Amino acid sequence: MKFEVIGHVHTVYPEKFGIPRQSGIIDAPGYITFEPPYDDANAFRGLEEYDRVWLIWLASENMKADGGWSWHPTVRPPRLGGNARKGIYATRSPYHPNGIGLSCVRLIAVHTDGSDFGANGPVVEISGMDLVDGTPLLDMKPYVPYADSFPDACCSFATPPDDDILQVILPDELKAELETSTFNSSDLDIILEMIRKDPRPRYQDVSDRVYGMSYRSYNVRFVIDHGVATVLEIKE
């Protein structure tokens with residue numbers, strides 16, 4: 001059995017820390033480029049008629065040097081504080097046996113000419129992904145609400161993350177510094193939302209710890225104390 005990588009997902013997340021735990025939580029921009037022969041323009045005909053698509057991808061960050069996968073029969077979900085174990089098949093952890101992931105993202109546009117994105121073929125513009133930049137894509141399928149949505153289904157501990165919310169403070173001096181730079185205000189909104197969703201595992205709650213995460217080419221540093229996150233620095 002052999003699978004082909006048909007393309008790669010390009011996102012604003014250079015590393016895993018800070019990435020939303022599920023797709024659709026943060027409306028961050030991204031796009032997909034495709035490899036030959038899967039960049040045939042005919043393969044995208046009619047795709048623009050959908051609002052959302054499923055991405056089937058490879059958890060390449062968990063791939064071992066021999067090409068296998070770092071899988072575990074049980075994991076400690078961050079939502080449970082890192083103390084309770086659940087079977088791997090009862091979670092969406094990336095440590096599944098074959099390292100295959102599934103994300104539902106919003107379809108922004110289908111560009112038959114991807115030259116504006118530095119691509120030779122078509123590009124699919126998306127948003128709301130939960131993937132590290134450069135994630136290999138195995139397949140893409142349209143999201144169909146009547147068959148794919150079951151809002152009343154039981155979902156164990158994976159309830160809506162209403163409690164994963166922090167108050168975020170952007171100091172006036174840092175805000176003024178960003179306003180006088182070339183920093184994009186829409187990028188700032190996404191960064192603040194990433195922090196607001198609390199990227200820490202539940203078992204980490206150290207008030208004097210400085211956390212760092214990456215966004216595009218920027219390093220972001222912040223501290224969290226009693227549910228309040230203060231941004232210390234956003235620098236390229």
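**Strand pairing and unusual backbone angles**

Q: Which residue in β12 stands opposite V168?
A: The model is predicted: local features need pLDDT of at least 70 and side-chain atom pairs pLDDT 80 or more, while totals for chains, interfaces and linings use all residues. Residues are numbered from 1 along each chain as its sequence is written, and side-chain values use heavy atoms, without hydrogens and water. Strand β9 joins β12 (residues 228-235) by three bridges, and the two run parallel. I169 stands opposite T230 in β12, and V168 stands opposite A229.

Q: Which strands stand at the edges of the open sheet?
A: The sheet has four strands (DSSP E runs of at least two residues, numbered from the N terminus), in the order β9-β12-β11-β10 with mixed pairing. Two strands pair if DSSP finds at least two bridges between them. Each edge strand has a single partner, so one of its sides is left without a neighbour in the sheet; these strands are β9 (167-169) and β10 (210-215).

Q: What is the average twist from one strand to the next?
A: The sheet in question is the open one with order β9-β12-β11-β10. Its twist, going from one strand to the next, averages 30°.

Q: In which sense do β11 and β12 pair?
A: The two strands form a hairpin with two residues between them, and H226 in that turn has a positive phi of about 50°. V223 stands opposite T230 in β12. Seven bridges link β11 and β12, and their pairing is antiparallel.

Q: At what angle does helix α3 run to β10?
A: Helix α3 (residues 185-196) lies across β9, β10, β11 (218-225) and β12. Axes are lines fitted to C-alpha atoms, with angles from 0 to 180 degrees between N-to-C directions. Relative to β10, the helix runs at about 135°.

Q: Is D198 buried or exposed?
A: D198 lies in the loop between α3 and β10. Its phi is positive, about 60°, although D198 is not a glycine. Buried means under 20% relative accessible area, exposed over 50%, and partly exposed in between (1.4 Å probe, protein chains only). With a relative accessible area of 14%, D198 is buried.

Q: What is the relative accessibility of R216?
A: The loop between β10 and β11 holds R216. R216 is not a glycine, yet has a positive phi of about 50°. R216 counts as partly exposed, with a relative accessibility of 42%.

Q: What is omega for the peptide bond that joins P36 and P37?
A: P37 is found in the loop between β2 (29-34) and β3 (52-58). The bond joining P36 and P37 is cis, with omega at about 0°.

Note on methods:
Contact means heavy atoms within 4.5 Å.
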